[in-house]
Amino acid sequence: MGLVPEGIEYHLGSLPTPLLMTWVAWAVIAGISITAAKRARLVPGKLQMACEMCFSYVYRLSDEMIGPAAPHYYPLFLGIFISILVSNLLGLIPGLISPTSDPNTTFALSILVFLYYNIEGVRRKGAGYFRHFFGPPLPWYLFPVRILLFIIETISSFARPFSLGFRLFCNIFAKEMLLGFLAFLVVSFFLSPGIIVKTLTLMPLMLRPVIVLLGLFIGVIQALIFLLLSISYVAGAIGTEE
Amino acid sequence: MVRFNDTTVERFIGKKGSEIGPVWAVASLGITMVACTAIGLIIGLFLDKYLKTGSVLTIIFFVLGIAAGIKQVIKELSRKQ
């Protein structure tokens, strides 16, 4: 998209940097998974422990919100959570950027979830899935109200992927921008003449670790929110939301 | 599918760990409101352009978008409670 001309760009042919970073995120996930699987023990180590924690958290959330049908959707939710989490945290490593700071990535994920839960709803309920768009049953003479409800429900349904993608993108993009500008300030203060301006380098240098911590927190929270909303949408579509 | 039941995990996240998420999801209700209004406006603009109805449908769908946003926020909040 070229929204951040100041951002890190790797010119590898015509390969867009966010795509390259997505591949890096996949490689990290694959590396961690293979290492954890190879070293799997009855008494878990640190890596196995972290993986098991992610797994059990996602499983429990799905079970709570979807119920007995939840195991069918575990792979989707796990995939979404882990890929977004790793992508968000990738930007905290100097020299790398979060693929989720690109709107194409976040909107692709949100549209995937939107299409998935709608298709799943139609697959499970057939044409009856669209009944909830018309609101609760009303007498026939109130059909204009039902048409109005249909329009409102359709608008709020189409707003879901928009808000899902936009929320993730805005948070991660803001974090990337802040970290980028702080790095830029450190360099420009340090290279400028005058001892007073040079001492100002300390300010962005001291602020950067705080923003990195905030980025870590935001990265985990945003992955969690995306996961929770995805589970809630799927639960709503298949009609098992508790 | 392998199921994990580790007490250490429970201790770390807390038995009601899933309640952390909805609290943060509430913090992003504003974006839902904006998204609904924007979608309503886009549909209105699109319909006005193709049906050549001036700006009547834009205004109607803009208002409906706001209504959808309010409805969605109320729905989310009532579910959280």
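These are my notebook entries on helix packing and on selected residues in chains A and B of a predicted model.

**Entry 1: α3 and α7 of chain A**

I began with helix α3 (residues 74-90) of chain A and helix α7 (residues 202-238) of chain A, and I noted that they pack at an angle of about 160° with their axes 9 Å apart. Angles over 145 degrees count as roughly antiparallel, and α3(A) and α7(A) are therefore roughly antiparallel to each other. For the handedness I recorded a right-handed crossing where α3(A) passes α7(A). On the α3(A) side I listed A:F77, A:I80, A:F81, A:I84, A:L85, A:N88 and A:L89 as the residues that make the contact, while the α7(A) side supplies A:L216, A:G219, A:V220, A:Q222, A:A223, A:F226, A:L227, A:S230 and A:I231. Sorted by class, this contact of α3(A) with α7(A) comes to 12 nonpolar and four polar residues, with no charged residues.

**Entry 2: α1 against α3**

I then turned to helix α1 (residues 17-38) of chain A, whose axis comes within 9 Å of that of α3(A) and crosses it at roughly 115°. I noted a right-handed crossing here, with α1(A) passing α3(A). From α1(A), the residues A:M21, A:T22, A:V24, A:A25, A:V28 and A:I29 take part in the contact, and from α3(A) I wrote down A:I82, A:S83, A:V86, A:S87 and A:L90. The class count for the contact of α1(A) with α3(A) is eight nonpolar, three polar and no charged.

**Entry 3: α5 against α7**

What angle do α5(A) and α7(A) make where they pack? I found about 170°, with the axes of α5(A) and α7(A) 10 Å apart, and these two helices are therefore roughly antiparallel to each other. The contact draws on A:R160, A:L164, A:R167, A:L168, A:N171, A:I172, A:K175, A:L178, A:L179, A:L182, A:L185 and A:V186 of α5(A), and on the α7(A) side A:P204, A:L205, A:L207, A:R208, A:I211, A:G215, A:I218, A:Q222, A:I225, A:F226, A:L229 and A:Y233. I recorded the classes in the contact of α5(A) with α7(A) as 17 nonpolar, three polar and four charged.

**Entry 4: a glycine in α7**

I looked up A:G215, which lies in helix α7 of chain A. Is A:G215 buried or exposed? With 22 C-beta neighbours inside 10 Å, A:G215 counts as buried, because the cut-off for a buried residue is 20 or more. Setting aside neighbours within four places in sequence, I found A:G215 in contact with A:G91, A:L92, A:K175 and A:L179. I also took the C-alpha to C-alpha distance from A:G215 to A:F189, which is 23 Å for a separation of 26 residues in sequence.

**Entry 5: α4 of chain A**

I checked the length of helix α4 (residues 103-125) of chain A: at 1.5 Å a residue its 23 residues should span 33 Å, and the end C-alpha atoms are 32 Å apart, which agrees. As buried residues of α4(A) I listed A:T105, A:T106, A:L109, A:S110, A:V113, A:F114, A:Y117 and A:G121, and these pack against α1, α3, α5 (143-191) and α7 of chain A. After α4(A) comes A:G126, for which I noted a positive phi near 70°.

**Entry 6: two partly exposed residues of chain A**

I placed A:F181 in helix α5 of chain A, and with 13 other C-beta atoms within 10 Å A:F181 is partly exposed. Between the C-alpha atoms of A:F181 and A:I196, which are 15 residues apart along the chain, I noted 20 Å. A:G239 sits in the segment after α7 of chain A and is partly exposed, with 13 other C-beta atoms within 10 Å. The C-alpha atoms of A:G239 and A:M177 are separated by 40 Å, the two residues being 62 apart along the chain.

**Entry 7: chain B**

Moving to chain B, I counted four helices and zero strands, in the pattern α-α-α-α along the sequence. Of the 81 residues in chain B, 21% are buried. Among the contacts in chain B with a separation of 6 or more, 56% are between residues 24 or more positions apart.

I closed with B:K52, which has a positive phi of about 50° although it is not a glycine. B:K52 lies in the loop between α3 (29-51) and α4 (56-80) of chain B, and with 7 other C-beta atoms within 10 Å B:K52 is exposed.

How values were computed. Residues numbered from 1 in each chain as written. Chains lettered and ligands numbered in written order. Predicted model: local features only at pLDDT ≥ 70, side-chain atom pairs only at ≥ 80, totals over all residues. Axes fitted to C-alpha atoms, helices over the stretch in contact; angles between N-to-C directions. Parallel < 35°, antiparallel > 145°, perpendicular 65-115°, else oblique. Left-handed = near helix turned anticlockwise from the far one by under 90°. Contact = placed C-beta atoms within 7 Å. Nonpolar A, V, L, I, M, F, W, Y, C, P; charged D, E, K, R; others polar. Expected span 1.5 Å × (residues − 1). Buried ≥ 20, exposed ≤ 12 C-beta atoms within 10 Å, placed from the backbone.
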